[in-house]
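Here are my notes for your first look at this one. Keep the 3D view open while you read, and click along as each residue comes up.

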Amino acid sequence: MSTYLNYGIDIELSNKLKSLGLPKTTFEKTSYKNLLDKYKLTEDEIRQIKNAITRQPIEPEVIDALLNNSNYTCCACRGTKGDSYIIHHIVEHSKTQDNTYNNLAVLCPTCHDLAHRKGPGLTMKLTPNQIVKAKKRWEKFVQSQNLERAARTGNIHEIDFINYPRILELYTELFKELPQTQYSDYLTIEGFLDIAGSVNPKQLETSNINLQAPLRFHSCQGSTAIIQHYYEAFKRIINHLNFVDLDTILNSSSVKTGIVGKYCCYVGGLYCKSLTKRMEAASEVFVFHFVKKGFQGKFLADSKFFCSNSSLCRTSERGKYMVFGKVRNVDFAVNKKREKNHYFRYKTVLHGPT
């Protein structure tokens, strides 16, 4: 079946050929009459298959990327016209023989027919330009949904930074109680948490580490359980609050309406200054930046809330992160080209690499 998919044959017809026990090599050797009489294929199906398998197959890695990035769903109708799909060449294969990712899109059979519809005008027809735009929008939406789902289900494998005092503050404000997780009893009995639900300062004092250095909390015994405890609490928070995708409010109209105070999730590249020397202060604030769609964003991260020395060192690399935060304020400035830029500052709640 996967072989037929790689030639751009839709999933339903590929499944039918699989159920008939007709791999590509057998199909090629079978007479037209037998395909009609013995295998009960229609003339349209036979013609579609024969036309497809004369091409070079699409690389399996490209197929996997397309299907994963689209959640196996048509980018044009987003699954409203059916759950079957076809790998479609945006610019016809006969003209370019282009099997690269950028020339391919996932369409359902109905939208695929619209894409191949001939005739004048654009009525009831999908143009290559429309498909490119639909693919871009849909893949962006799928990525956002998948990342949000990963956060809500705890499917995040690495947390670089967790502002646990802010999480505790927000949790008690929302639920009028201290966080109760699978780690609560252990952390309380061992004295890692105090009666207020925060990290016990006495535990830090007995950790035999430099109390003036950043990351002192994360060097103490039980730090892994503490991080998971606050992360479990944070998952309940994001299921309760409406964290919107920052991309959806990153526009002039929303800024004018007012976005200060909104909880949001940002996914994308961030950059920060490199570490040039060992930090001696008890805490140093890092500013993570991004520039997108004519806007500049700033996320503030206190060094003592990084989860490890290695996560702190990664600040010198331009990485891709998932960041949850709250819009604290919006500033306006004019750059050297006299274009208006909007500057954001956020107090970060939690972030970790995707």
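**Notes on the predicted model**

1. Let's begin with serine 84. Outside the residues up to four places away in sequence, serine 84 touches Asp10, Ile11, Glu12, Leu107, Cys108 and Pro109. Its place is in the loop between H6 and E1. Is serine 84 buried or exposed? It counts as buried, because its relative accessibility is 5%, and the limit for buried is under 20%. Do remember that you are looking at a predicted model.

2. Now hop over to one of those partners, cysteine 108. You'll find cysteine 108 in the loop between E2 and helix H8, which covers 109–115. Its relative accessibility is 0%, so cysteine 108 counts as buried. Once neighbours within four places in sequence are set aside, its contacts are Cys74, Cys77, Lys81, Gly82, Ser84 and Tyr85. Take tyrosine 85 from that set: 23 residues separate it from cysteine 108 in sequence, yet their C-alpha atoms are 4.2 Å apart in space.

3. Go back to the loop between H6 and E1, since tyrosine 72 is also found there. What sign does phi have at tyrosine 72? Phi is positive, about 55°, although this residue is not a glycine. Tyrosine 72 counts as partly exposed because its relative accessibility is 40%.

4. Arginine 78 lies in the loop between H6 and E1 too. Its phi is near 60°, again a positive value in a residue other than glycine. With a relative accessibility of 37%, arginine 78 counts as partly exposed. Try comparing these two residues with serine 84, which counts as buried at 5%.

5. Next, the largest pocket, with a volume of about 320 Å³. Its lining has 16 residues, and those nearest the centre are Gly8, Asn51, Arg55, His112 and His116. Helix H5 (43–52), strand E1 (86–89) and helix H7 (93–96) are the elements that give two or more residues to this lining. Which element gives the most? That's E1, with four residues. Sorted by class, the lining has nine polar, five nonpolar and two charged residues.

6. There's a cavity to look at as well. How many cavities of 30 Å³ or more does the structure hold? Just one, and the volume of the largest cavity is about 40 Å³. Around it you can pick out Leu66, Ser70, Cys75, Ala105, Val106, Lys135, Trp138 and Glu139 as the lining. Helix H6 (60–70), E2 and helix H9 (128–153) each supply at least two of the lining residues, with H9 giving the most, at three. By class, this lining has five nonpolar, two charged and one polar residue.

7. One more residue to click on: serine 184, in helix H11, which spans residues 184–189. Serine 184 counts as buried because its relative accessibility is 4%. Leaving out neighbours within four places in sequence, serine 184 is in contact with Pro179 and His229.

8. Zoom out for the whole chain. Its secondary structure comes to 16 helices and nine strands. Of its 354 residues, 45% count as buried. The accessible surface is about 19,000 Å², and carbon and sulfur atoms account for 50% of that. As for contacts with a separation of 6 or more, 64% of them join residues 24 or more positions apart.

9. Finally, how far should you trust what you see? Mean pLDDT for the chain is 79, with 81% of residues reaching 70 or more. Among the elements, strand E2 (residues 104–107) has the highest mean pLDDT, 94, and strand E9 (residues 340–353) the lowest, 47. Two stretches deserve a flag. Over residues 207–215, pLDDT stays under 50, and the model has 23 contacts beyond four places in sequence for them. Over residues 346–354, pLDDT also stays under 50, here with 55 such contacts. Where pLDDT is low, the predicted coordinates should not be read in detail.

Definitions and conventions
Residues are numbered from 1 along each chain as its sequence is written. This is a predicted model: local features need pLDDT of at least 70, side-chain atom pairs count only at pLDDT 80 or more; totals for chains, interfaces and linings use all residues. Side-chain values use heavy atoms; hydrogens and water are left out. pLDDT is the predictor's confidence in each residue, from 0 to 100. Contact means heavy atoms within 4.5 Å. On a 1 Å grid over the protein atoms alone, a cavity is a set of points where a 1.4 Å probe fits but cannot get out, and a pocket is an open set with protein on both sides within 12 Å along at least five of seven lines; lining residues have an atom within 4 Å of a point. Grid points are joined across faces, edges and corners, and a volume is the space filled by probe spheres set on the points. Ala, Val, Leu, Ile, Met, Phe, Trp, Tyr, Cys and Pro count as nonpolar, Asp, Glu, Lys and Arg as charged, and the others, Gly among them, as polar. Buried means under 20% relative accessible area, exposed over 50%, partly exposed in between (1.4 Å probe, protein chains only). Accessible areas come from the Shrake-Rupley method with a 1.4 Å probe; for residues, only the protein chains shown count as cover.
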